[in-house]
Every structure is written in C-alpha cells, then in structure tokens.
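Reader: I am new to this structure and would like to look closely at one part before moving outward. Could you take me through a hairpin, and then through the charged residues and the turns around the chain?

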Amino acid sequence: MIREDEVFKIGQFAKPHGIKGELSLVTSSDVLEDAEDPYIVCEMDGILVPFFVEDYRYKTDTVILVKLEDVDSEEEARMFVNKEVFYPLDAVDESELAGNMTWDGLIGFRVHDEHKGDLGVVTGVDETTINVLLRVEHEGEELLVPAAEELIKEVDWESRVLKVSLPEGLLDL
C-alpha cells in the first residue's frame with residue numbers, strides 16, 4: 001500500500017485528449033523524462049493507486065499528454081479528470097525534488113526558521129495572490145510564510161522538516 005509520505009504532488013490531470021485515453025497533465029515537473037518504466041499515483045476512492053505510464057509527450061511547457069496503461073478510451077480517461085497526480089519519492093534524487101514538486105507537497109512539514117526556531121506545521125498553501133504563501137499553524141494562530149525558494153535553506157524529506165531563513169520582522173507583521 002502506498003502512503004502519502006512516499007509520494008509528492010507533481011500536478012493535476014485536466015481533461016482527456018482525444019478518444020484513445022490520453023490525459024492532459026498540468027505540471028511544471030519533468031520527472032517522467034528520466035524515468036525508466038515511469039508510473040504516477042492518483043488517489044482513487046481514498047486510496048493511493050499506481051498507474052504505469054505507457055507513453056507521454058509534451059503539448060506545452062506546462063501540459064504533458066499522458067497515456068496510462070489500460071486506459072484506452074475517452075470514457076475511461078474521464079475518471080481521472082481533476083485528480084491530483086503524485087510521483088514516488090524513491091524514484092527521484094533528493095537534489096532534484098525541490099524543482100519537481102508543487103508547494104502542496106510541503107503540507108504536513110514542520111517549519112524551522114534559523115532565527116526564530118520552530119514555527120509550526122504547514123497546513124495548506126494559498127495560491128490566490130501573485131506570491132504563493134504557506135499556511136503554518138503556530139500556537140493556535142495562522143502564519144503566512146512566503147513560499148520562495150530563496151528563503152528555503154534545506155528540505156529534510158525523511159524528517160519532514162522545512163528549514164527556512166525568513167527576513168527579520170516578517171513574522172511580526
């Protein structure tokens with residue numbers, strides 16, 4: 001059985017493409033390029049289920065047309081519409097993870113600032129503004145921490161800890 005802590009989100013399926021079972025995967029990840037027998041994971045009825053990728057091709061920089069094994073019609077492909085798509089952590093080098101995952105992949109991580117110490121746990125991601133924010137539960141309050149790569153010093157995947165260096169005064173706002 002696949003557990004949530006064994007995968008990370010790489011995108012989301014949009015609509016079927018054509019009548020032979022292809023799906024549009026909206027993603028900024030390129031993990032499928034280096035994979036030998038790649039598979040993705042989707043939540044189906046509350047369970048994380050693997051699906052082997054038969055073929056894929058880029059439609060745009062952010063859309064990959066994916067053909068999954070045993071999904072051979074538009075009707076079969078429709079059951080994947082709007083499903084989040086995950087990729088196994090053990091299939092990617094740790095150094096490549098940050099560039100291939102979405103910010104949602106940090107939900108559940110403990111945030112540790114190098115100046116203020118433990119800030120709490122990431123409970124969600126706010127993408128409603130131009131700057132993505134991580135929602136962090138801190139002593140009964142919600143902190144909004146900028147999700148900016150330049151503020152992230154280290155991601156400890158095993159311990160699920162996000163080490164950051166936030167600008168002075170940011171948490172006082």
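Author: In this model, which is predicted, a good place to begin is the hairpin that β3 and β4 form, with two residues between the strands. One residue in that turn, D45, has a positive phi of about 55°. The two strands, β3 with residues 39–44 and β4 with residues 47–58, run antiparallel and are joined by six bridges. Within this pairing, E43 has L48 in β4 as its bridge partner.

From E43 one can step to a residue that is distant along the chain, since the C-alpha atoms of F80 and E43 are separated by 9.4 Å while the two residues are 37 apart in sequence. F80 has its place in the loop between α2 and β6, the latter covering residues 84–88. Is F80 buried or exposed? With a relative accessible area of 0%, F80 is buried, because the word applies to anything under 20%.

Strand β4 also leads to a charged pair. R57 forms a salt bridge with E22, and their closest N and O atoms are 2.8 Å apart. Because R57 lies in strand β4 and E22 in strand β2 (residues 22–27), the pair ties together parts that are 35 residues apart in sequence. The two partners can also be described by their accessibility: R57 is partly exposed at 42% relative accessibility, whereas E22 is buried, its relative accessible area being 17%.

A second pair can be read in the same way. D72 forms a salt bridge with K67, with 2.8 Å between the closest N and O atoms. Here K67 counts as buried at 9% relative accessibility, while D72 is partly exposed with a relative accessible area of 48%.

A third pair is that of R3 and D5, whose side chains meet in a salt bridge with an N to O distance of 3.2 Å. R3 counts as partly exposed at 47% relative accessibility, and D5 is likewise partly exposed, at 36%. These two residues belong to a wider arrangement, for R3, D5 and E6 are linked in a network of salt bridges. The count of salt bridges in the model comes to eleven.

Other charged residues form a surface patch instead. Which residues form the negative surface patch? They are E36, D37, E69, D70, E75 and E76. Taking E69 from this group, its place is in the loop between β5, with residues 63–68, and α2, with residues 74–78. E69 is partly exposed, its relative accessible area being 40%, and this fits its place in the patch because patches are made of residues with over 30% relative accessible area and no salt bridge.

Finally, the positive phi found at D45 in the hairpin turn invites a look at two further residues. E139 has a positive phi of about 50° although it is not a glycine, and it lies in the loop between β9 (133–138) and β10 (141–146). At 73% relative accessibility E139 counts as exposed. R160 is also not a glycine and has a positive phi of about 60°; its place is in the loop between β11 (152–156) and β12 (161–164). R160 counts as partly exposed, at 26% relative accessibility.

How values were computed:
Residues numbered from 1 in each chain as written. Predicted model: local features only at pLDDT ≥ 70, side-chain atom pairs only at ≥ 80, totals over all residues. Heavy atoms only, no water. Patch = residues over 30% accessible without salt bridge, like charges linked within 9 Å, V, L, I, M, F, W, Y side chains within 5 Å. Areas by Shrake-Rupley, 256 points an atom, 1.4 Å probe, with all protein chains shown as cover. Salt bridge = Lys/Arg side-chain N within 4 Å of Asp/Glu carboxyl O. Lys, Arg positive; Asp, Glu negative; His and termini not counted. Charge placed at Lys NZ, Arg CZ, Asp CG, Glu CD. Helix = DSSP H or I, 4+ residues; strand = E, 2+ residues; numbered from the N terminus. Buried < 20%, exposed > 50% of the residue type's maximum accessible area, 1.4 Å probe, protein only. Pairing = 2+ DSSP bridges.
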